[in-house]
Amino acid sequence: MFTMRLQPLNVMRKMNYLKPEKNLRNGFKDPKRLAAIQDCPCCICYLTKQKQTTKTDAHHFHGGGMGKKVSDLRTMAICQNHHTKGPNAFHHIGRVSFEGKFGYSQDDLIEVTNKLLEYID
Ligand SMILES: [Zn+2]
Ligand SMILES: [Zn+2]
């Protein structure tokens with residue numbers, strides 16, 4: 001479905017590929033990013049080398065406190081299977097179990113999503 005080659009996450013970090021921080025405050029809106037994420041491969045499928053079989057959703061960082069919705073920049077590309085529908089879906093098993101199961105924090109997944117988005121620009 002997607003053909004691209006990326007460095008492993010630890011290499012990406014060392015090479016300092018990350019874009020500079022933009023607006024990460026709660027309530028910040030970025031509809032373009034949310035739309036782009038729908039065309040982005042699922043970062044969990046990518047990291048675990050699974051074939052993606054469901055559409056990609058934009059998952060907002062979860063667990064950051066009360067109040068306004070977190071910034072749209074703190075979103076990650078997660079397929080419906082890994083987001084809400086599958087047996088190991090984030091919103092099914094919860095943040096702690098999800099991060100434990102796959103071994104990546106939400107911040108890791110945001111980094112990977114940002115890199116994947118650069119590839120599909
Ligand atoms: Zn997935
Ligand atoms: Zn979500």
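Two strands are said to pair if DSSP finds at least two bridges between them. With that in mind, I turn to the protein before you, in which β1 and β2 run antiparallel and are joined by five bridges.

Some conventions come before the details. This is a predicted model, in which local features need pLDDT of at least 70, side-chain atom pairs count only at pLDDT 80 or more, and totals for chains, interfaces and linings use all residues. Residues are numbered from 1 along each chain as its sequence is written, while chains are lettered from A and ligands numbered from 1 in the order in which they are written.

Allow me to begin with confidence. pLDDT is the predictor's confidence in each residue, on a scale from 0 to 100. The protein has a mean pLDDT of 86, and 78% of its residues reach 70 or more. Among the elements, helix α4, residues 80–85, has the highest mean, 98, and helix α1, residues 9–14, the lowest, 61. Where pLDDT is low, the predicted coordinates should not be read in detail.

Next, the overall layout. Helices (H or I, at least four residues) and strands (E, at least two) are DSSP runs, numbered from the N terminus. The protein has seven helices and two strands, and their order along the sequence is α-α-α-β-β-α-α-α-α. Two residues are in contact if their C-beta atoms, placed from the backbone, lie within 7 Å. Of the contacts with a separation of 6 or more, 70% are between residues 24 or more positions apart.

Burial is the next topic. A residue is buried if 20 or more other C-beta atoms lie within 10 Å of its own, exposed if 12 or fewer, and partly exposed in between, with C-beta atoms placed from the backbone. By that rule, 28% of the 121 residues are buried.

Which residues have the most contacts inside the largest nonpolar core? A nonpolar core is a set of buried Ala, Val, Leu, Ile, Met, Phe, Trp, Tyr and Cys residues joined through C-beta atoms within 7 Å. The largest one here has 19 residues, and those with the most contacts inside it are C42, C43, Y46, M76, A77, I78 and L116. Two or more residues of this core come from each of α3 (43–47), β2 (75–79) and α7 (106–120). In soluble globular proteins, nonpolar side chains tend to be buried together.

Let us look at β2 in detail. Five of its five residues are buried. T75, A77 and C79 point one way from the strand, whereas M76 and I78 point the other way. In a regular strand the side chains alternate between the two faces of the sheet. As for the pairing with β1, the bridge partner of H59 in β2 is M76.

I78 lies in this same strand, β2. Why does I78 count as buried? It does so because 27 other C-beta atoms lie within 10 Å. Beyond its neighbours within four places in sequence, I78 is in contact with C42, C43, I44, T56, D57, H59, H83 and F90. The C-alpha atoms of I78 and A58, 20 residues apart in sequence, are 6.3 Å apart in space.

I come now to helix α7. Its 15 residues reach 21 Å from the first C-alpha to the last, close to the 21 Å expected at 1.5 Å a residue; the expected span is 1.5 Å times one less than the number of residues. The buried residues of α7 include Q106, L109, I110, V112 and L116. E111 in this helix is also buried, because 20 other C-beta atoms lie within 10 Å. E111 and T75 are 36 residues apart in sequence, with 9.6 Å between their C-alpha atoms.

Helix α2, residues 31–38, contains L34. L34 counts as partly exposed because it has 14 C-beta neighbours inside 10 Å. Apart from residues up to four places away in sequence, L34 touches A58, D72 and T75.

Finally, two lysines in loops. K49 lies between α3 and β1 (56–60), and has a positive phi of about 55° although it is not a glycine. Is K49 buried or exposed? K49 is exposed, because it has 6 C-beta neighbours inside 10 Å. K68 is found in the loop between β1 and β2, and counts as exposed because it has 11 C-beta neighbours inside 10 Å. Leaving aside neighbours within four places in sequence, K68 is in contact with N26 and G27. The C-alpha atoms of K68 and F28, 40 residues apart along the chain, are separated by 9.2 Å.
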